[in-house]
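Biologist: I would like a close look at a single part of this model, set afterwards in the context of the whole chain. Please take your time over it and keep the account connected.

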Amino acid sequence: MRIRAANLNWLLNKNSKLSLDNKVLLYNAVIKPIQLSGTICATNIDIIQRFQSKILRAITSSPWYIRNENIHIDLSIMEKKMWRTAGRTMTLNSVTIRIH
């Protein structure tokens, strides 16, 4: 995930001339599918959540005092914390995920 994000940093950082909509589209098309692949346990969800928050904060060039929850709401991207439904199977974007 980090390698893919590092390769796209020149498109996602604050100096990029891409619009915010195009940056979010790029995130959804390239980085998000990597996060959704495979089975995810509760400890990995925290790691993925931190990574997602860092990427979205870089995309929006948000200052430190803006909450991650607000960034997720504004961009209409679900937080990984909401995946915590122990022992259930969830389907997100046609990917089935079983939470341990």
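Which residues does Ser62 touch, not counting residues up to four places away in sequence?

Modeller: This is a predicted model, and everything that follows should be read with that in mind. Leaving aside residues up to four places away in sequence, Ser62 touches Arg57 and Ile71. Ser62 itself sits in the loop between α4 and α5, and it counts as buried because its relative accessibility, at 18%, falls under the 20% cut-off. Its side chain also makes a polar contact, at 2.6 Å, with the side chain of Thr60.

The loop that holds Ser62 has other residues that deserve attention. Ser61 is found in the loop between α4 and α5 as well, and its phi is near 55°, a positive value in a residue other than glycine. With a relative accessible area of 39%, Ser61 is partly exposed, whereas Ser62 is buried. Further along, Ile66 also lies in the loop between α4 and α5; with a relative accessible area of 31%, it is partly exposed. Together with Trp64 and Tyr65, Ile66 makes a nonpolar surface patch of about 420 Å². The structure holds 1 salt bridge, in which the side chains of Arg67 and Glu69 meet at 3.9 Å, taken from N to O. Of that pair, Glu69 counts as partly exposed, at 34% relative accessibility.

A positive phi recurs beyond α5. Ser76, in the loop between α5 and β1 (89-92), has a phi near 55°, again a positive value in a residue other than glycine. Ser76 counts as exposed, its relative accessibility being 67%, while Ser61 is partly exposed.

The helices on either side of the Ser62 loop, α4 (42-60) and α5 (68-75), each give two or more residues to the core described next. The largest nonpolar core has 15 residues, and those with the most contacts inside it are Leu12, Tyr27, Ile31, Ile55, Leu56 and Ile59. Besides α4 and α5, the elements that give two or more residues to this core are α2 and α3. Such a grouping is in keeping with a broad tendency: in soluble globular proteins, nonpolar side chains tend to be buried together. Ile31 offers a detailed view of its surroundings, since setting aside residues up to four places away in sequence leaves it touching Arg4, Ala5, Leu8, Leu12, Leu26, Phe51 and Ile55.

Ile59 also serves as a reference point for a residue elsewhere in the chain. Asn15 is placed in the loop between α2 (9-12) and α3 (20-36), and although Asn15 and Ile59 are 44 residues apart along the chain, their C-alpha atoms are separated by 10.0 Å. Asn15 counts as exposed, at 63% relative accessibility.

For the chain as a whole, there are 5 helices and 2 strands, which follow the pattern α-α-α-α-α-β-β when read along the sequence. Of its 100 residues, 35% count as buried, and Ser62 is buried too. Among contacts with a separation of 6 or more, 51% are accounted for by residues 24 or more positions apart. The accessible surface of the protein chain comes to about 6,500 Å², and 55% of this belongs to carbon and sulfur atoms.

How values were computed:
Residues numbered from 1 in each chain as written. Predicted model: local features only at pLDDT ≥ 70, side-chain atom pairs only at ≥ 80, totals over all residues. Heavy atoms only, no water. Helix = DSSP H or I, 4+ residues; strand = E, 2+ residues; numbered from the N terminus. Buried < 20%, exposed > 50% of the residue type's maximum accessible area, 1.4 Å probe, protein only. Core = buried A, V, L, I, M, F, W, Y, C linked by side-chain atoms within 4.5 Å. Contact = heavy atoms within 4.5 Å. Patch = residues over 30% accessible without salt bridge, like charges linked within 9 Å, V, L, I, M, F, W, Y side chains within 5 Å. Areas by Shrake-Rupley, 256 points an atom, 1.4 Å probe, with all protein chains shown as cover. Salt bridge = Lys/Arg side-chain N within 4 Å of Asp/Glu carboxyl O. Polar contact = N/O pair within 3.5 Å; in protein donor to acceptor, adjacent residues only side chain to side chain.
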